[in-house]
Amino acid sequence: MAHRRTRRHRRMWTVAAAATVIAGSAAPAASSATAGAPCTPGATYGSPLPSQAVTAQLIRGGFTFLEGPTWDRRTGTLLLSDMQNPAGPQRVQPSTMLRYTPPATFDTFIADAGSNGLAVTADGTRVLAATHDNRTVSAYDLTDRSRTTVAAGYLGRAFNSPNDLTTGADGTTYFTDPDYQRGNRADEQGGRTGVFRVRDGVVSLVDDTLREPNGVVLSPDGRTLYVGATGNDVIVKYTVRPDGTTGDRTTFANIRTPDGATVDCAGNLYWVSNSEGLVHVFSPAGAPLGTISAGRTSTNAAFGGPDGQTLYITSSASSGGFGLYRIHLGVPGNPY
């Protein structure tokens, strides 16, 4: 759940158009169509794509730099981050958490959220956020929007700039820590960028040998963890044990500048290539199934909609700045 035109551009992106200013509004009521999880245990699914190359539709452009979409099934809305230009002597990017209510309403959900990647918890009560503003992983209560810290650092050292995250049914959360939003703050990770796990408040290292790990997602059964390493142009996978620890790393696929990702109920992976403006779709075995095009550069993707079959993509827009795109697919997405 997770941006960059190149590795440098991700770190210091410059606004191409003014950000859209959106007034707040009341949260919509939950409906029976959005409250339930779309995945059916034991179900058989067909092809996710109608053809090998499809194009997503722009909903709205004019945002600054969109990232981290995640669907809130209780309210039938999409949460996403909109990051601004680096500011202040530390050159940190301010970030607002937006809420999109289909078909066309956007409002500010949490101002100054400091967020990048987002993931609604399995119980639907909180949204977890990779928060680069204070170099932590945070949780925002979806009712009162209060903020708590989930992971403050590792071995007494601050993270670089947590970027994307995914959480399992048991509450174990995995997150990536590249240095794209670290700005001018001290490097406390000794030049390393890593993948971490937090469970019951305890932070553990998964891997610190990947260059700029970015998108991260669990398989529907929670037994496989996938990570895209932007600096290596590779997607890797790890076996996840029942206690949340991970096994050896193997290569899953190679694509250019892998960014954010999501997964459907059949276990197919949807991995965004930032520099290509494409979402590459892979079977669970790693076979390429096709691509979905959005803008010129893309950052992340998430499933949502009443039937769970709408893929939302954050990407640059020809109308200026960044935009939110959508496309209806053949397989529903797996919820967090």
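**Core, rings and salt bridges**

Let me start with one residue. Tyr 100 is buried, because its relative accessible area is 0%. Keep in mind that this is a predicted model.

Who sits beside Tyr 100? Take Phe 106, whose ring centre is 4.8 Å from that of Tyr 100. The two planes are at 35°, so this pair is tilted. Phe 106 has 5% relative accessibility, so Phe 106 is buried too.

Now the other partner, Tyr 312. The ring centres of Tyr 100 and Tyr 312 are 5.9 Å apart. Their planes are at 70°, so this pair is edge-to-face. Where do the two tyrosines lie in the chain? Tyr 100 is in strand E5, residues 95–101, and Tyr 312 is in strand E24. The pair therefore ties together parts that are 212 residues apart in sequence. Both Tyr 100 and Tyr 312 are buried.

Step back from the pairs. Ring pairs link Phe 63, Trp 71, Tyr 100, Phe 106 and Tyr 312 into a cluster. Across the whole structure, the search finds 12 aromatic pairs.

On to the nonpolar cores. In soluble globular proteins, nonpolar side chains tend to be buried together. Here the largest nonpolar core has 17 residues. Which members touch the most others? They are Tyr 270, Ile 292, Leu 311, Ile 313, Ile 327 and Leu 329. Five strands give two or more residues each to this core. These are E20 (269–273), E21 (278–282), E23 (298–304), E24 (310–316) and E25 (322–328).

Look at Ile 292 in particular. Leaving out residues up to four places away in sequence, Ile 292 touches Tyr 270, Leu 311, Ile 313, Ile 327 and Leu 329, among others. The contacts of Ile 292 also include Leu 49, Val 54 and Ala 56. Further contacts include Gly 277, Leu 278, Val 279 and Val 281.

Apart from the largest core lies another one, of 14 residues. Among them are Phe 65, Leu 98, Tyr 312 and Phe 322. You have met Tyr 312 already, as the edge-to-face partner of Tyr 100.

Last topic: charges. Side chains of opposite charge can pair when their charged atoms come close. How many salt bridges are there? The count comes to six. I will show three of them.

First slide: Asp 133 and Arg 147. Their closest N and O atoms are 2.9 Å apart. Asp 133 sits in the loop between strand E8 (126–131) and strand E9 (136–141). Arg 147 is in strand E10, residues 147–151, and the partners are 14 residues apart. Buried or exposed? Asp 133 is at 28% relative accessibility, so it counts as partly exposed. Arg 147 is at 30%, so Arg 147 is partly exposed as well.

Next slide: Asp 170 and Arg 199. This salt bridge is 3.1 Å, N to O. Asp 170 lies in the loop between strand E11 (165–167) and strand E12 (173–177). Arg 199 belongs to strand E13, residues 194–199, so the bridge joins parts 29 residues apart in sequence. Asp 170 is partly exposed at 47%, and Arg 199 is partly exposed at 27%.

Final slide: Arg 192 and Asp 208. Their closest N and O atoms are 2.6 Å apart. Arg 192 is in the loop between E12 and E13. Asp 208 is in the loop between strand E14 (202–207) and strand E15 (213–218), and the two residues are 16 apart. Arg 192 is partly exposed at 46% relative accessibility. Asp 208 is partly exposed at 24%.

Note on methods
Residues numbered from 1 in each chain as written. Predicted model: local features only at pLDDT ≥ 70, side-chain atom pairs only at ≥ 80, totals over all residues. Heavy atoms only, no water. Core = buried A, V, L, I, M, F, W, Y, C linked by side-chain atoms within 4.5 Å. Buried < 20%, exposed > 50% of the residue type's maximum accessible area, 1.4 Å probe, protein only. Helix = DSSP H or I, 4+ residues; strand = E, 2+ residues; numbered from the N terminus. Contact = heavy atoms within 4.5 Å. Phe/Tyr/Trp six-rings, centres within 6.5 Å; stacked < 30°, edge-to-face > 60°. Salt bridge = Lys/Arg side-chain N within 4 Å of Asp/Glu carboxyl O.
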